[in-house]
Amino acid sequence: MAAIDINQLLTSIKTATNQVLNQDIATIKGFSDRQLKDIGQQAITVAEGITTGQITEATRDFFLNSLKDMVKNFLATLEGLVVVTIEKLWNAMVGAIWGAINGAISAATGLVLPLPTQA
């Protein structure tokens with residue numbers, strides 16, 4: 001049986017997870033920047049509309065609820081993106097760990113362990 005080099009295993013895990021994090025954080029940041037800019041602009045528009053009277057008491061709730069929905073939808077999408085990133089991290093980590101285990105046992109035993117799945 002080949003021994004697992006703990007330093008090599010840690011390097012493999014870090015490399016795999018860093019690749020996922022670097023890519024996904026860039027994606028999330030780009031999405032977040034665009035959405036926050038839109039939400040901020042909408043808040044300015046609503047405030048100006050209320051100040052100038054273009055948004056009346058009768059329509060104020062509509063615009064404020066729309067702004068609230070923008071925030072809610074942004075956060076729900078952000079939550080989904082984070083869940084996908086966590087799943088990618090899971091796959092990267094178990095791929096590195098099970099790869100090391102299989103590398104250590106397969107020559108001596110002929111076994112190749114399947115990757116685990118999340119419950």
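**Helix packing.** In this predicted model, I looked up how helix 1 (residues 6-52) lies against helix 2 (residues 57-109), and I noted that their axes come within 9 Å and cross at roughly 175°. Because an angle over 145 degrees counts as roughly antiparallel, I entered helix 1 as roughly antiparallel to helix 2. I then sorted the contact of helix 1 with helix 2 by residue class, and wrote down 27 nonpolar, 7 polar and 4 charged residues.

**Aromatic pairs.** I next searched the whole structure for aromatic pairs, and the search returned 2.

One of these is formed by F31 and F74, whose rings are 5.7 Å apart centre to centre with 20° between the planes, and I recorded the pair as stacked. I checked where the two residues sit, and found F31 in helix 1 and F74 in helix 2, 43 residues apart, so that the pair links distant parts of the chain. I also looked up their accessibility: F31 has a relative accessible area of 15%, and F74 one of 7%. Since the cut-off for buried is under 20%, I listed F31 as buried and F74 as buried too.

F62 and F63 form an aromatic pair as well, with 5.2 Å centre to centre and 80° between the planes, which I entered as edge-to-face. For this pair I asked again about accessibility, and noted that F62 counts as exposed at 56% relative accessibility, while F63, with a relative accessible area of 27%, is partly exposed.

How values were computed: Residues numbered from 1 in each chain as written. Predicted model: local features only at pLDDT ≥ 70, side-chain atom pairs only at ≥ 80, totals over all residues. Heavy atoms only, no water. Axes fitted to C-alpha atoms, helices over the stretch in contact; angles between N-to-C directions. Helix = DSSP H or I, 4+ residues; strand = E, 2+ residues; numbered from the N terminus. Parallel < 35°, antiparallel > 145°, perpendicular 65-115°, else oblique. Nonpolar A, V, L, I, M, F, W, Y, C, P; charged D, E, K, R; others polar. Phe/Tyr/Trp six-rings, centres within 6.5 Å; stacked < 30°, edge-to-face > 60°. Buried < 20%, exposed > 50% of the residue type's maximum accessible area, 1.4 Å probe, protein only.
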